[in-house]
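Open the model in your viewer and keep the sequence panel in view. Each stop below says what to select, then what is there.

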Amino acid sequence: MGPALRTEQRTGQPRKTAHFQEGRDTVTYLSQTPDGLQERLDADPDLLLFAPPSIDMYLRTAWARDPGMFCSLALTLMTLPSPGMAATALADVVTDDCDQAADLEPLLPPDPRAEEGAKRVLAAIAIAVSLKLKEGSLQHPGVWAEVAERLSRTPARSLPALGVLVTDLASHRAVLDEQQLRLCGLAARRLLGNLWTEPPAPASRLAITAVIQTAASDLTATEKLLRRAVESPQLEERGFNDLDSMTSEVSELMDLLPDLAEELYVAVLSHTETSSASTQLGSGSVLTLVSNRRQDFDAGKYPLVEHFPAVLRSHLPRALSVLTRLAVAGRDLPEHSAVLENRTFVIIEDGSRRRDFASLYAGSDPTDLLDAYQDFAVTVTETQAQALSEALTSSPQAAVVWRRTLRAAAANPALAASLVSEPADVVTQLLIPDLVGPACELISAVHPTLEPAEAARLESAILSIRPAASHHEQGGLEQRGYRRLVSALSAEHLTSPSLTADRAAPDPAFDADPMAWSGEERAETAEEDPADAEVRQLTAALSSFASTYLNGTASSDDIASAEHTATRLEAALPQTQSVDLRTQAEDALADAAEIWTRSAQTPSAILSHARTLLLSASRSPRPEPTPQNATSNLSIPQGPRTEAARGLGQLAGIPAQYNPEVTHALLALTADPVGAIRHTVALIAPSVAVSDTGTAWEILEHLAEHDIDDAVLAATVTMACFRMNDAQRGASILATVMGRAAPRPGRDTAASACATAAGLLWIHHATPGTDTALTSMITRWPDGSTWSGCLHELRVSGALTHDNDTVRRRALRLMQQLAEPALDRTRHALIQYRTLTDAEREQFKNTARLLDHIASQLYYASGGVPNSTPPTTKEARLVDEAQPLIKLLSATPIARTAHHLVRMCVRMIDQRPQETLLTVRDIITQVGAQSGYTADTLGVGTCVTFVERILADHRSLLRSPDNLTALRQICDAFIDAGWPQAHKLVFGIEQIFR
């Protein structure tokens with residue numbers, strides 16, 4: 001063992017002094033044998049942490065002597081058991097000292113036998129290039145454009161290094177000269193072409209951005225490639241994934257490739273994605289967000305709409321072309337030529353008079369573009385108005401574009417003057433069906449401002465299209481068009497007696513419907529029977545009372561007033577023959593009576609009246625049973641029996657109002673065919689117990705034994721175990737329901753209620769029989785849905801941090817009993833995952849959720865909330881007592897579970913630094929890569945923060961070789977996953993040890 005890299009194995013203390021002398025000694029020592037560095041790192045990988053200056057000096061000397069031998073050394077080092085940090089050391093040297101791509105030839109491409117090692121080295125080099133580009137410290141940026149081009153010749157074999165180099169060089173293209181940019185652009189296009197042969201993935205979006213950023217290097221090749229994205233079938237197959245990257249760069253595309261940018265607008269905004277197949281937002285394993293193809297495609301449209309005002313300002317003819325192409329949609333439509341100011345305008349008659357209404361097309365992307373155009377045209381200056389007029393003449397434009405132009409001209413005199421300096425031309429040239437309305441708006445705006453001669457010419461033009469008398473009488477389309485023009489003229493400024501007379505003359509057909517839209521005559525209704533009218537009025541008053549107090553308690557005055565109204569309604573009801581009115585009245589009476597029973601302050605006479613009404617309502621045939629309402633769900637069927645169940649239960653809590661009739665009615669409702677009513681009866685059992693404990697238990701026992709509705713059974717168990725003040729009898733009902741229940745998705749299920757009740761009764765009270773019930777349920781129901789409620793209630797009830805040692809032990813033991821078989825099943829399922837059926841995969845997800853629920857409840861019980869205060873003594877004690885469970889969960893190959901445990905360790909780092917360091921190491925090395933945690937943004941962010949805190953606040957821990965190794969293993973895992981944050985952290989460790 002040489003002197004330079006000696007570790008103090010006998011004392012466990014690494015040497016951290018005399019770095020430069022050691023570096024010289026190291027070079028001398030390692031140069032004695034070809035495999036010196038490999039041998040030393042193989043024997044002691046931790047040298048990469050505490051002796052980086054020495055290793056760096058050796059590597060730089062090796063590069064200076066022979067880059068080819070350096071590359072061979074790099075490939076050799078990649079055969080180490082933990083090569084991650086070695087790769088970062090190599091990358092740091094190469095990115096500083098490499099000044100020609102030829103020096104890396106052994107890696108571009110490597111011998112097939114060393115391909116994996118070369119990919120690892122190149123990935124580390126690419127990340128180092130990225131970091132130094134962003135810091136502005138990269139020595140020879142052009143070299144890496146050449147390297148990227150070399151890698152792009154075999155793109156499939158060159159990932160991820162090629163992707164990183166292309167992405168970051170393109171985004172920092174200002175540091176590249178023309179030739180280097182050409183190489184970078186070529187590499188970007190090759191990369192994208194290769195990615196387009198693979199299934200849609202986020203990587204293609206980054207490549208598209210890089211291609212656009214390097215487009216100036218070869219505009220023709222860039223347009224040829226990117227045009228594929230907006231053509232069939234690729235638009236339909238990949239648009240949901242790719243287009244957002246193109247539309248977000250539409251400004252640059254419009255400047256560089258205007259033809260492509262126009263095609264992008266038309267293709268994207270005219271396409272309707274119909275697939276609702278799910279997609280994943282981002283690549284996270286910890287926090288998985290789900291979207292769908294339609295939403296993703298529509299999100300890609302948003303940047304086009306947002307950027308359109310800028311397109312109008314800088315590329316007006318293109319903008320008009322986009323609007324016209326979207327409106328015409330490839331149809332063969334007639335055209336109209338209009339001559340204004342000796343300029344010929346061609347207008348495509350697109351039928352937009354029938355659809356250009358914001359109220360009908362609000363939220364439509366083409367309509368948003370038209371709105372943006374109209375807003376732009378309203379504000380143009382005289383010079384801009386002239387440019388707009390010229391753009392309108394440059395090619396045929398859709399009528400809808402002209403509609404918006406004329407409306408803007410009505411509000412902008414500069415635009416009106418540029419388009420039609422002779423107002424009469426509006427009538428003689430622009431009066432086609434699609435433009436009648438906007439033309440009238442323009443005439444209405446300009447007529448009051450005209451000189452007498454101009455006004456006379458305009459009025460004369462309108463008179464020239466006045467229909468003959470026969471047409472006038474028929475009220476045809478010509479007459480309607482003429483009437484609209486006449487109505488647009490200002491009465492105060494009219495000079496023509498004929499037009500003045502026509503404007504003043506009534507035209508019932510036009511006045512009733514100036515837009516010529518058909519309408520329906522309102523049907524005549526017969527006078528209502530007085531008895532029905534009274535019932536309707538009283539019902540409306542009572543319904544208003546019920547609506548006002550839908551979820552609250554009514555005031556005494558309002559209750560008294562409503563009761564008076566109800567009495568009158570009961571008296572009037574026999575007089576009506578209308579079934580509908582009778583139904584509405586019965587509903588209103590039941591609603592009002594239930595509201596009266598909510599307040600204990602309601603006078604007894606009114607409560608007695610409510611009881612009478614509710615007993616009657618309990619016998620109502622409504623709500624009628626259907627297959628949909630046979631079981632309870634979020635929709636509560638409306639009808640008198642629904643209110644009767646609630647109201648009679650509330651009355652039962654007042655002993656003076658409870659009688660055998662109420663008992664009989666409640667027992668009858670226990671067997672009601674509507675699930676929501678039975679659910680209500682279960683919930684009001686504790687209220688019934690105030691007056692009649694026996695009947696209350698009879699209700700719960702009947703439901704437990706006979707009901708088939710999961711929600712009803714869940715409510716039955718919860719009421720029996722926690723609201724009836726007899727835990728033992730409640731446990732008996734729990735056992736009955738447990739024998740009939742089965743696990744289902746959701747928390748409010750019978751199985752979940754049984755698990756929660758048994759868990760709380762056993763852990764807090766050691767209720768006899770509940771431990772046996774728990775054991776049975778753990779075996780039968782190994783899913784997250786069943787146990788999530790129980791685990792949540794254990795935490796919020798304080799069981800995990802309870803002052804009673806026995807309560808805490810029972811809580812942690814239950815978690816352990818749930819976790820052990822769940823972990824076994826999860827491991828087994830992952831081994832066979834490819835062969836699992838859909839049902840088995842769903843069961844796997846449920847089991848994985850159970851493990852995650854356990855980990856998350858531990859984390860939150862230890863005080864893990866955002867911006868939380870330092871851990872309390874109880875919280876630290878929990879982490880100590882839960883070590884066996886934490887160790888078990890650390891082997892769970894689920895990213896979310898790993899994240900909860902790592903976050904708990906980060907929280908406890910100051911209280912238990914060594915324990916947390918070793919626990920995080922165990923999690924990362926056991927399941928970090930398998931679960932996807934080390935590839936997750938949240939994972940790397942949390943763990944980098946954890947390592948930084950160890951280095952900053954607990955550096956003395958690293959005097960122990962075991963702790964030093966643990967830190968290196970954590971860093972290695974995230975370096976292997978390719979995270980720049982991890983590389984950057986390792987680059988800074990040298991300074992820490994100095």
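**Stop 1: a helix pair**

In this predicted model, select V166, T167, A170 and S171 in helix 9. Now add L206, A210 and Q213 in helix 11. These two sets of residues meet each other. Colour them by class. The contact of helix 9 with helix 11 has 4 nonpolar residues, 3 polar ones and no charged residues.

Next, show both helices whole. Helix 9 spans residues 161–171, and helix 11 spans residues 202–213. At what angle do they pack? The angle is about 40 degrees, and the axes are 9 Å apart. That makes helix 9 oblique to helix 11, because angles under 35 degrees would count as roughly parallel and 65 to 115 as roughly perpendicular. Helix 9 passes helix 11 in a left-handed crossing.

**Stop 2: the loop before helix 9**

Select L159. It sits in the loop between helix 8 (141–152) and helix 9. Turn on the surface here. L159 is partly exposed, with a relative accessible area of 28%; the cut-offs are under 20% for buried and over 50% for exposed.

Which residues does L159 touch, leaving aside its neighbours within four places in sequence? Select K119, L191 and L195: L159 is in contact with these. Then pick the C-alpha atoms of L159 and R120. They are separated by 9.8 Å, yet the two residues lie 39 residues apart along the chain.

**Stop 3: a three-stranded sheet**

Move on to strands 5, 6 and 7. These 3 strands form an open sheet in the order 5-6-7, with mixed pairing. Which strands stand at the edges? Strand 5 (335–340) and strand 7 (397–398) do. Each has a single partner strand, so one side of each is left without a neighbour in the sheet.

Zoom in on strand 6 (residues 343–348) and strand 7. They run parallel and are joined by 2 bridges. Select I347 to find a bridge: its partner in strand 7 is Q397. Switch on backbone hydrogen bonds if your viewer draws them. Strands of a sheet pair through such bonds, either parallel or antiparallel.

**Stop 4: a residue in helix 22**

Finish at A417. This residue is found in helix 22 (residues 413–419). Turn the surface back on. A417 is partly exposed, with a relative accessible area of 48%. That value falls in the partly exposed class because exposed means over 50%.

Now add Q386. It lies 31 residues from A417 along the chain, and their C-alpha atoms are separated by 9.4 Å.

How values were computed. Residues numbered from 1 in each chain as written. Predicted model: local features only at pLDDT ≥ 70, side-chain atom pairs only at ≥ 80, totals over all residues. Heavy atoms only, no water. Axes fitted to C-alpha atoms, helices over the stretch in contact; angles between N-to-C directions. Helix = DSSP H or I, 4+ residues; strand = E, 2+ residues; numbered from the N terminus. Parallel < 35°, antiparallel > 145°, perpendicular 65-115°, else oblique. Left-handed = near helix turned anticlockwise from the far one by under 90°. Contact = heavy atoms within 4.5 Å. Nonpolar A, V, L, I, M, F, W, Y, C, P; charged D, E, K, R; others polar. Buried < 20%, exposed > 50% of the residue type's maximum accessible area, 1.4 Å probe, protein only. Pairing = 2+ DSSP bridges.
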